[in-house]
Structure formats: structure tokens, C-alpha cells
Amino acid sequence: MPAFDLVIRNARAVTASDIFDCDIAVKDGRIVQLGQDLPGGTREIDAAGRHVTPGGVDAHCHLDQPEPPPVRMADDFDTGTRSAACGGTTTVIPFALQHKGQSLRDAVADYHQRAEGKAHVDYTFHLIVSDPTPKVLEEELPALIREGYTSFKIYMTYDSLKLDDGQILDVLSVAREHGAMAMIHAENADCIEWLTRRLEAAGRTAPRYHAHARPMLVEREATHRAIALSELVDVPILIVHVSGKEAVEQIRWARAHGLNVFAETCPQYLFLSAEDLGIDDSYHGAKCVCSPPPRDKSNQRVIWQGLADGLFTVFSSDHAPYRFDGDDGKKAGGEEQPFRHIPNGIPGIETRMALLWSEGVMAGRITPQKFVELTSTNPAKAYGLHPRKGSLAVGADADLVIWDEREFVLRNSQLHHNVDYTPYEGMHLTAWPGMTLARGEVVWDGSRFTGRAGAGRFLHCGHPTLLPRVAAPRPAR
Ligand code: DUC
Ligand code: ZN
Ligand code: ZN
């Protein structure tokens, strides 16, 4: 009887700190030994000296999130996690969204139903708190944190979701008291509305004007305010989907002043620019409408720099999948829409890892260790999943990617999401996962998806571990 269920031979293993050659032994879905010339397994895979990284943790993606009809997200937990697996992601963290007037408990229960029996990889939820009533703040949120829902997103924009500054302070206070991670979507809602009305009055409603309605200034102001609010409450925050220089400067300032402000960025801020929203009034630009909008080449360089030098903690997809054709996506109701009504978001759950390995590691902009830190280890730490997730170590789940370094041209037809386009169509990539394993099972073999709906399990999260958890007294003010 072999000692192990699986042995991966001749791996060039990469962690957030090291690269080393070893065999990896797996039993009951976990890594049980790393070493040279390990005894045999029931199954053997020869990595042949290729890089093996921990599976990706996509800490920001939207799957089957309820939308006002006729809009519908193209991916549910089935297609979304299938796509994730084929792109090397083995844990996803989408959002259980509270509607105003809805109890947070009901939002979580509804979202569990949407996931139940469908996921191919492990998953947990962030909460979106849109209605912080006394009951939510005093009862529901603390209880949910204790039960393992230890992160939530706060919106500073969108009428149906946004919180005012007082509400944000209330929610941040709960995060501080109960040890949760608050993620913040930082854009100034009033500035966006004011600019949008002016553009509409001038007849400027094509997709490209989405970027004009959300210039960097509106992100900079909200980022500054979010930092100040977190300083007042004395709690760490994580600013999501940072798009460029002006927000980056605010975060660098916060760090220089000793504040625990973490930051996330996404592929669209490295590979897309405002021109992708259109250089004329063509509707094709709707494919790249997301918020904040992509900026320009000089801002892409600032984001690369921030990835390399530690400004960014997490690299997520912000997969928000809407079909381009049809009547439930970018053309809600079957018609081209003024930019105000174009659903915000682009697909990217499957391409996140390969884009960063190709253009980051292969192109020499970041080390393989930095890649692992950004795509797997740090997101697992930020959201209380480490060391079970995000590590290639004895005791961790055997969530692994064996990388193929080969040149090819990316086509949407190769992808497994339910979206009819990729914003990265035609890009030349130099790497793709040659194999993805989720808890020791092969879910992607390099050409075929081999997972099983329902194999993905819900994960209860612990407290964030990016920082030591000290019960520091609140400083006197
Ligand atoms: N914010 C997100 O985080 N995702 C999609 C759209 C948005 O505004
Ligand atoms: Zn957002
Ligand atoms: Zn998002």
C-alpha cells in the first residue's frame, strides 16, 4: 500500500519566501511531506522541474451576485469556479450582498443557497454591508464574525450600496472591536453624479465617458477620506481595486505615517487603459467598463512599481462577469445603454494568474516569490485562511499549480467562464497553468477541466493575520 495518495516529483516549489527543488507528498487532500526521493504514492505526477506554486486565492470576485433585472451576472458558482480552477485559482472569495432593508443573516443564507452543491473549488464570503442598522452593528455583524465571516466591503459610491462617513465609522468600529478586515471601494459618489449629469447634458453618454465621470481625483479624494476614517477608528483597512498614481500616493502617505492601510490592485490596471473604453463612440468599449476605470500607460507603470515594492498586498481579479451580447449584460434590455446604466465590471477570474506570471514573473518585473505572496499567501492572510490556504507547506491543503511556460495567443474560446468576451483577447502570453490541483485532486490537466460540482467546500475564516492581533487600547484623542 503506497504511503501517499499522490506524489508530485521534481517540483521547483515556490513559496512567498523561497524557491527549492523537492517532491511533494499528499494524503487526504493535504501536503504531508516535502523532500527528496520520497516514497511512492498511489498516483505520481512528474513536474519535470517546472515551477509549482500554491493555488491562487482570488480574494475579490463576484459570482451570482443578485442584480436588478434584467441584468444578471453571467457566472454562478458552477461556471465561475470552473473558470477559476482552469486558471490556477483554488479558493475564491465572492461577496454576500446585503440589500438595504435586508438582514445580513438573510443575505448570507441566500448566498449559501446560490453556492450550495455548485462550487468546484473552496470558497468563502466577504459581506457587503449596505445597511448598518443598530441590529446589524450590535448583533448580526459581531455574530457573523464569530462564525467565520471575518471580512466585509464598504462602498463609498453607488446609491444602493454607499455608506456615509458616519456609517463607515460605525462599521469600522465593529471591525476593530471584533477583529475583522474592512475592504473599501473608494470613489466619491457626489463627484461622480455631478460629472455624470454634466456629461449627459452634453449628450456624452458613450461608454468612453464612463472614464470621464470617474477621473482619478474622485478615487484620490475617497482614498484619502477612507484613510482618515480608519485612522480615527484606529483600525486597519484594505483599499480595493486601486487604479493609479493618485490613490497610490495617498496609500504611500498613510504607510509613511505608520497607518495600517493595505491595498489591492487588479489586472485591468496593468493591461487596460481608458482607450479600451473607446476612442470614439463605439459601444465595444462597454466591454471594459469597470470601476474605477482603467487609466493610462504611466499609471500602469505606477501599479507595476507598487506590486514590486510592497505597496500592494493583494492582487485580485475583481471578476464581475456580464455578457456583451444578449439582454442581461452590457446591453441590459437588449439595447446599447448610456454609460450610467452599463453594468460595471469585467471578467478575469481565469486570466488573473497567467497574466501576472507572464507579464510579471516571465517579463522580469516581479520575482516568483512576490507572485505567490500577491496572488495566494497575502490574500489568505488578509482574510483569515492562512496557513491552510496560501502556503506550500506541510499541513496546508494540497492546492497547487504546476506552471507551463509556453507562448500562445489568448482567445476567449479557450476560457471556461460564461462570458462572451475577454478584455485580453489576442494578448501574447508566455505561461498558463499546466495543471491545477484542489485539495490533491486534479481539476485542470492543462487541456481539460476535470473538477466536480460540489467538491468545493465553504471555509470559515479566522481573524486576519497580516498583522499580529494585539488588543491595543484605543489612543486617547
Ligand atoms: N466594484 C467592484 O468591486 N466590482 C465591480 C464593480 C465595482 O464598482
Ligand atoms: Zn468595488
Ligand atoms: Zn468588485
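**Notebook: two zinc sites and the chain around them**

I began with the zinc ion (ligand 2), whose donor residues are spaced K-x31-H-x55-H in sequence. Donors here are N, O and S atoms within 2.8 Å of the metal (3.2 Å for Na, K and Ca), and since water is not among the atoms, sites may look incomplete.

I noted how to read the entries: residues are numbered from 1 along each chain as its sequence is written, chains are lettered from A and ligands numbered from 1 in the order in which they are written, and side-chain values use heavy atoms, with hydrogens and water left out. This is a predicted model, in which local features need pLDDT of at least 70 and side-chain atom pairs count only at pLDDT 80 or more, while totals for chains, interfaces and linings use all residues.

**Entry: zinc ion (ligand 2)**

I looked up the atoms that hold this ion. The protein donors are Lys 153 (NZ), His 185 (ND1) and His 241 (NE2), and they lie 2.1 to 2.2 Å from the zinc ion (ligand 2). Two of these donors link distant parts of the chain: Lys 153 is in strand E11 (residues 151-155) and His 185 is in strand E12 (residues 181-185), 32 residues apart. I use helix (H or I, at least four residues) and strand (E, at least two) for DSSP runs, numbered from the N terminus. Are Lys 153 and His 185 buried or exposed? I found both buried, where buried means under 20% relative accessible area, exposed over 50%, and partly exposed in between (1.4 Å probe, protein chains only).

**Entry: zinc ion (ligand 3)**

I then turned to the other zinc entry. The zinc ion (ligand 3) is coordinated by His 60 (NE2), His 62 (NE2) and Asp 318 (OD), at 1.9 to 2.0 Å. The spacing of its donors along the chain is H-x1-H-x255-D. I checked the cover of the two histidines: His 60 has 0% relative accessibility and therefore counts as buried, and His 62, at 5%, also counts as buried. How far is the zinc ion (ligand 3) from the zinc ion (ligand 2)? The separation is 4.2 Å.

**Entry: the chain as a whole**

I counted twelve helices and 18 strands in the protein chain. Its radius of gyration is 21 Å, close to the 23 Å that the globule rule gives for 477 residues, so the chain is as compact as a globular protein of that length. The radius is taken over C-alpha atoms, and the rule is 2.2 Å times the number of residues to the power 0.38. The C-alpha trace spans about 70 × 55 × 40 Å along its principal axes.

I found that buried residues make up 59% of the 477 residues. Of the contacts with a separation of 6 or more, 77% are between residues 24 or more positions apart; contact means heavy atoms within 4.5 Å. The accessible surface comes to about 18,000 Å², and 48% of it belongs to carbon and sulfur atoms.

**Entry: helix H1**

I looked at helix H1 (residues 77-86), which is mostly covered, with eight of its ten residues buried. Among the buried residues are Phe 77, Thr 79 and Cys 86. What do the buried residues of H1 pack against? They pack against strand E7 (89-92), helix H2 (104-115), strand E9 (122-123), strand E17 (428-438) and strand E18 (441-444).

**Entry: Gly 329**

I placed Gly 329 in the loop between strand E15 (314-315) and helix H11 (352-362). At 0% relative accessibility, Gly 329 counts as buried. Leaving aside neighbours within four places in sequence, Gly 329 touches Tyr 322, Arg 323 and Pro 343. Gly 329 and Phe 4 are 325 residues apart in sequence, and their C-alpha atoms are 47 Å apart in space.

**Entry: backbone exceptions**

I kept one rule in mind: most residues other than glycine have a negative phi, and most peptide bonds are trans. Ser 291 and Pro 292 are joined by a cis peptide bond with omega about -10°, and Pro 292 sits in the loop between helix H9 (268-271) and helix H10 (297-309). Another cis bond joins His 386 and Pro 387, with omega about 10°. Pro 387 is in the loop between helix H12 (368-382) and strand E16 (400-409).

I also looked up positive phi values. Asn 10 has phi near 55° and lies in strand E1 (residues 4-14); at 42% relative accessibility, Asn 10 counts as partly exposed. Asp 64 has a phi of about 45° and lies in the loop between strand E6 (56-58) and H1. With 18% relative accessibility, Asp 64 counts as buried.

Technical notes
Areas by Shrake-Rupley, 256 points an atom, 1.4 Å probe, with all protein chains shown as cover.
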